[in-house]
Every structure is written in structure tokens, then in C-alpha cells.
Amino acid sequence: MVQNNKNLDSMNEIAQLNPKHIEKIIQSHAKQLSDFLQNIAPNGETKPRTKAICEKLESSSAKEILQHKLIVEKKHNYIKQDLKLNEAMQQEIAYKCEQIQQLGILYTMCVESALLSHLYMFLEIYTQAIREIESKHNILSFQSIAHKVFAIATDTLMIDGDFQSDYFFFRLDSCISHILFDEYQDTSIMQYRIFEPLFNEILAGSGTKDSKSLFFVGDSKQSLYAFRGANISVFEKTKRLDSMQQESLSHNYRSKKAIIDFVNDKFANLYKEEYIKQLYSEHSQDISGVVNVKLYENSSDKEINKNAIFRDTLTQLNMLIESNVPKKEIVILARKRDTLHGFNLFLKENDSTIKLNLDKSGKLINQPSIQAIFYVFKTQEYRDEIKLIESRLGMLQDSTQQVTIQQDFSPQDSKLKDSTESLQEKLRKARNNYKFAQKKLNKLLGKSYFDNQHITIPQQTSTYYSLAKSIKSIIESLRFYNDDCMELLEIASENIDIKSIDSLFEFIENRESVIMQEEAIHAMSVHGSKGLGFEYVVYLDYEAQKQNNNEKILYSYNDIFLDSIRIDTTTKAMNIYRDKTLQDLADKKERENLQQEYNNLYVACTRAKIGLYIFANKESSIATHLALKDNEIYGEEIQTKRDSKQTQNNLTIISKLQAKNTTQEEFLQEKQDSFYQHNISMQHKQILGLSLHYSLELMLGFGIKNPYTMLNFLYGFYLDESMIVEILQKANNIFKSSLEKLLYMDKNTIKCELSFLQENSIKRLDALIQNGEEFFVIEFKSSQNISEALLQEHTAQLQSYMESIATISQKKSQIKGYLVYLQDNVAVKEITL
């Protein structure tokens, strides 16, 4: 590796492979190079630029010398100009730099050798610690099981050399006739070597009357798990086994034509001859489907890109929702979970009506109503514990002798022997636990921090106790009549052996929320989406593509057997100091990473059934690898579905409005008056108004007769029960007003909290009612003191809304407006244009 060097004092010194010693040799060679440069200076006079280079060579550390431009490039323009170098001088300088480079390679190998030695030592310590923990607790992790099975399969697990894996596989083979592998492209080498003897046995008996079979299903383009050991070479090796027949599935039965066309166009160029063009199925051609690409300029301020992408994504989601696409059929995909968490936060700030089923948010046990039930049980549990400890403390304090106490209780109850100090510590912990559980329950119920709610549930000591009955009691007390609570009650009823809420939660740990499955949009990483399909896929990537060369531990294989392990200690600036073997491994790993990225993009795009929407940075991975263009479209955009009750002859203004989902809160937030922002009394009035508007929206727009539970969830933290009841009474009073007949129309003709775009401004209607070609615009006001000036302001506001509706409908005479003041007695004022 290191060339013969006449200037080295001793090759034996290098053979010691001591990094510190080689650093000194590198510095010595750099000094020799510096001396040479100064000796060949014309007239013995070194110019400042060259002198600075020489000083740098003489004073730098070995790592700094190896990164110096002169050493890396083996030439330097300043030196060539200052020293007026001839060809021979240039060759000598290049030769000396080459010597230092070779020493740099040796130095890198020395450092690597030391690191590997330490890594092996650490691995031994770690492995031994894992074994001790497993032995102590009598447990095995899934990874440990795999390693032990591998040891059995490869004869490395032996006691006195007696174990033979052949007999193990002989016994196993007699029990197995058929092996079926799904997602085979994600198989690791260790997994393959475990099963290889079984594969060979089955293939050896191929064609006999007692025929056995192997069946593998996989797609190399969907191999995503290299980071946890999956190796595509296993997939390729299996295809070459004797007697193996290959069959490719050419027809795509999942996606529509536009998506198939897009995938064929973009990925055929990436996978080259390995790509099998997807063909349309009959199902693929019934509707075109759509692919829509939106790209954004790369900005040094990542937040600008991110916010622009998030805003357009939200608009697209609203369009899909308004087109009656079920939320459970929409998924948001991203390469990183950080992107999804960022978008989830954006939604909370900009459109709280859209919920994401992200990470664990879709689990049943994480839903607010289920959590509330859990903490009702926990508060009861901690209350009972506090009472028991206080009782024992009282008895200890009243007694003069510990023995007297012990005689009054069963000797099995060891807790009675605790000292007063120990019981006091337990009491402190129990009180803290109770306080935490109670405050958590308050938050979940929307109660004040200090408004503790005690819900009595049957005791376990009761003859009639069952966990299901207790849950039912809590559901009735809290009026939690939703699908998730019904699911919890059903599970508890079917599993009567489960006696505690902790055991029940452990039992349903992985159960999905019924509500989140139906009413939330899925959001997951591309890895999490593998094997799934959704009608509409929205792909987000606001970051520019980065070179991912972070792999430092590299593995060399001879077929499926590990040949060597290397550690790449070089940085980007020192890549030239890799030896050839290490460089080859690094290049191979880079190609594998690129292939993994192609696979990641392929899986993301092929999850879509009907629509694929891509919102990405122009320099992102998906944009660069797939050569995407801004506003690139395949197929046709989704058409808005009209209500089945509407007819072509009946002008429907509601469907014509350019709608934007907003809430009453968003409109109030736009008011910049500092008086409204800082006056606590006014904020309380705003909350009362918001809750009243929300009640009317639920009652009119959704036909919910008693929205107490939903109102309590949203505003219970600010309002007590009596206030909520009063608000609902006011909302109910409107149905007894002069608008009674109008408001009892079919709820499909009534739209509440409707925000729409008109002349580049957002306008919001509390209620819009359509009856044939007549339209009624209603504004609800919670003002208690109505002055003439306030009435004029409200009238002008309503008339502007009516003008907007008139412009769209072109039937000004058939539009009526009403101001409804929701006081103790409802006051209605008709407004005309």
C-alpha cells in the first residue's frame, strides 16, 4: 500500500500501525516537502504566498496536512507561479505529495483498526449484559430469539460440541410440506440462512409423489428495510435456485390509468431494464384518475417553503373533503415523520376541523373519551389507596405497641408492618398520583383546573361488580355515547376475566379507534404505508435533497456469508484516503442507498388508487429523481359531487360558492382591537358567543337536537354546567321564533358557518337556507345591549352578505335577510336590500 520510500528511516516503524507514530511521520514528510519548496526558490528567496504554504505544512497537525490543498491536488498555482517550476520539479512535488497521501491511507487504516478493536470489546460487554438481563428476568426479545435460532441453524450453539443442526432440520422438515413467504424482498441474510436448509430439502424432493413446495411473493422495487438488515441479494439468490419458476404480475389492479401512466413514465427511466411496464386492468380504466404535481422554489428559509406547501396541501384536502371523499381514504405521506408532525401542528393552528391519524393518535386507548374513562378509574383507585393508608396511620398513631397492631390484622397483610415513616411516604405518593389523575381528568373533560369532578363507580368488592358495568356507569355519567366508548364497553363485556382497567388497556393496546378510522385523514411515513392502498395520496417534501453518506460501518459479503466489516473514518474532505477495498464498499453502499430512495418513491406513488398529489421542493428527492415539472398533470381533476336532492333545473347557490373552511374563532382572531384582546370580561363574552354559534351550527346544520356533550367537550373548560344549559336553552328558543317554519326545513337545505370567497375576501354566513329559488341569509347575534349604532353596523354587514349572494344568483328580489338577537327572548329583524 505504501510505496518504497528512500527517505523513511525504517519500514518497521510503519509496520507497528501506531496512529500517533504515523502522524509524526506525516508531519516529518510535510517538513521535508516544505524544505524542498524553499530550497528550489529562485535566488533562494521564497515569496510570501509560498512561504505561508510552507509554514502551514510545518506547523499543522497530521489531519490538517492531509486536507491541505497542495497535498490533495498534488499541485498549487501559487507555488508554480512563485517558484517557476519546470516539469521535473512538478513531478518531484507530486511524488512527495503522493507519499504523504499513501501515509494518509495507512493512517486511516490504523485509526479504523483501533476503532474496530474497541467496537468488538464494547460488543462483547453489551452482549454479555443483554444475556444477564434476559437470564435474570427469564425473557427473550424477538431479536434474541432470531439470533439463537440462527446459532442453532449454523451449529454455532453447541454444548461440548454435541449439537448437530442436521438432526434439528431433519425433524423440522418432517413437519413442513409447504413454505410461503410474503414481502420476500425484505428478508435478511440471517433469516435466509435459517431457512436455507429447509429450502434445500424441499427442492431436493421436487417431483416426488410426496411433493412439497416453496412459494415466494416479493417486489425488489418495494425493498425498504435495508436499515434493519433486509438484503436484496437474498431475493436475487432465491430466484436462481434450482427448480424455481418465476412469474411476473404485469397488470395493476389497484390504481387508475393516470397513476399507472405516471408510474410507468417516471420509474422506467430509474430501474432501466429491470422495470416491467404495468398494464391496465379493466378496473383501471373505468375512470381516468389524476396525478397533479406542484413544485416550489428552493428557499434558504425552509419555513417559507414549508408554509407554502402546507397551505396548498390544506386547500387540496378541503377540495377532496368537499367532494365527499371519505377521510379514511385519504393519506398524507412523507419521507420523514418530522414533516407529518409539522403539518399536524399547521392544521391545529389553521383548520382544527381536520384531524390526522398520525403515529399513535389512531389508537383506541389514546382517544380523549377513553382516556377520561381510564382516569375516572385511576382517581377512584388512588382515593381508595389514600383512605387505606390514612386508616393504617391512624391505627399506628393510636397504638402504643407495634405488636398490638399486628394482632388486629391478618399476618398475610405485610403492609401493616410498615413503619409510620414508610406509610407517610406512601401517602405522599398516593396523594400526588391522585392529584395528577384528577387534573388530567379535568383537562380531558374540559373542566377548570380546580373543578374536580368525582364520579362514583361500583367497588370491586361488590357482589354485582364487573368492569363492564363500571364502564357503562361512567359512560352514562359523562354522556360519552360515541363509537369508541361503545367499542370499549363491548370489549369489556366480552372479556369478563379482565377485572381491572389497567389489564383492559393492556389488552386493547393495539386496537384502532373507530372514530379516527372513519373521521380522520391518515398520515404516515412511506415505510408505514407499505402494503396499504388509499383512494387519494398526498405526498409532501419541502426539503432539498441531501447527500446521505452517513454510513460508517460497511459490510463485505461473499455471496450470503459475511466476509469483513470495515469502518469508514474519513470525512468528505478526506475521501481520497480510503483504500481501494474501502472505497469500493463505500461506492456500493452509495448505490444501494440510491436504490433504496428509488424504492421509497415507488412505494409512495403506487399507494394511490384514484388520485396522487405531490407538493414538493423543486430540489427535493422526488422532484429531482423523477424529473418532475411544476403543474405537471396526468388524467383529470376530481369533479365535485352534488347533493343527490339537487336537480339541474334548481339553481343551487351553495354548491357555487368558492368555499373555504373557517371557524367563528378565526374571524374573531382577525379583529385587532386591543380592547378585545386584553379585556377579560370581553373575552368571556366572546366565549359565550362562540359556544352559542357552535350550538346553532350543530342543531341547524347537522340536525343534532341536544349537542350538550360536544359543547361540554369544547367549552367545558371555560363554562360551568349551568352556563352550558342556559346557552342550549337560548339556542332552542330560536325554533319558537317567527323563523320556526324556515328552520324546520330539511337540514340538507341549510348550511351553517359557511365561509366563501367573494372578490378576494372571505365572507362568512352564520346560516344560509335555500328553498327552491329563494334564499335566506341569517346572522345570529349574542349582543345583550343593542344600540342604534350597533344595529346599523349589523344591518350593513348582513346586506353585504346578501349582495354577494345576489351577485351569484342574479335574483336579488328572492333574497331575504334576518338579524336574530339571541337574548332571553329571541328578537328577529328582517333586512332587505
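Two residues are in contact here when heavy atoms of theirs lie within 4.5 Å. With that in hand, let us walk through this predicted model, starting with a histidine and what surrounds it.

**A histidine in a loop**

His454 sits in the loop that runs between α17 (420-445) and α18 (467-478). Apart from neighbours within four places in sequence, His454 is in contact with Gln380 and Arg383. Val376 is another residue to look at: its C-alpha is 8.0 Å from that of His454, although 78 residues separate the two in sequence. Is His454 buried, partly exposed or exposed? Its relative accessibility is 48%, so His454 counts as partly exposed.

**The chain as a whole**

The protein chain holds 32 helices and 19 strands. Of its 833 residues, 42% count as buried. Taking contacts between residues at least 6 apart in sequence, 73% join residues at least 24 apart.

**Two helices, end to end**

The loop of His454 leads to α18 (467-478), which makes a good partner for α13 (residues 302-322) in a small table.

| Helix | Residues in helix | Span, first to last C-alpha | Expected span at 1.5 Å a residue |
|---|---|---|---|
| α18 | twelve residues | 17 Å | 16 Å |
| α13 | 21 residues | 30 Å | 30 Å |

In α18, the span is close to the expected one, and in α13 the two values agree.

Which residues of α18 are buried? They are Leu467, Ala468, Ser470, Ile471, Ile474, Ile475 and Leu478. Looking down the axis of α18, these buried residues fall within an arc of 160°, so they line one face of the helix. Just after α18 comes Arg479, with a positive phi of about 60°.

The buried residues of α13 include Asn305, Lys306, Phe310, Thr313, Gln316 and Asn318, along with Ile309, Leu314 and Leu317. What covers the buried residues of α13? The cover includes the strands β5 (290-296), β6 (330-334), β8 (521-525), β9 (534-541) and β12 (608-617), as well as the helix α14 (337-350). After α13 comes Asn324, and its phi is positive too, near 65°.

**A helix pair**

Helices α10 (residues 189-204) and α11 (residues 232-239) pack at an angle of about 30°, and their axes are 9 Å apart. On the α10 side, Ile189, Tyr192 and Glu196 take part, meeting Ser233, Val234, Lys237 and Thr238 of α11. By type, the residues of this contact are three nonpolar, two polar and two charged.

**Two buried side chains with polar partners**

Glu632 lies in the loop between α24 (621-625) and β13 (633-635). Buried or exposed? Glu632 counts as buried because its relative accessibility is 14%, and the cut-off for buried is under 20%. A polar atom of the Glu632 side chain lies 2.8 Å from the backbone nitrogen of Lys629. Leaving out residues up to four places away in sequence, Glu632 touches Lys266, Val291, Asn292, Val293 and Ala627.

Ser695 belongs to helix α28 (residues 680-701). With a relative accessibility of 0%, Ser695 counts as buried. Where Glu632 has a backbone nitrogen beside its side chain, Ser695 has a backbone oxygen: that of Ser691, 2.9 Å from a polar atom of the Ser695 side chain. Beyond four places in sequence, Ser695 touches Pro707, Leu711, Ile727, Leu728 and Ala731.

Notes. Residues numbered from 1 in each chain as written. Predicted model: local features only at pLDDT ≥ 70, side-chain atom pairs only at ≥ 80, totals over all residues. Heavy atoms only, no water. Helix = DSSP H or I, 4+ residues; strand = E, 2+ residues; numbered from the N terminus. Buried < 20%, exposed > 50% of the residue type's maximum accessible area, 1.4 Å probe, protein only. Axes fitted to C-alpha atoms, helices over the stretch in contact; angles between N-to-C directions. Nonpolar A, V, L, I, M, F, W, Y, C, P; charged D, E, K, R; others polar. Expected span 1.5 Å × (residues − 1). Arc of directions from axis to C-beta. Polar contact = N/O pair within 3.5 Å; in protein donor to acceptor, adjacent residues only side chain to side chain.
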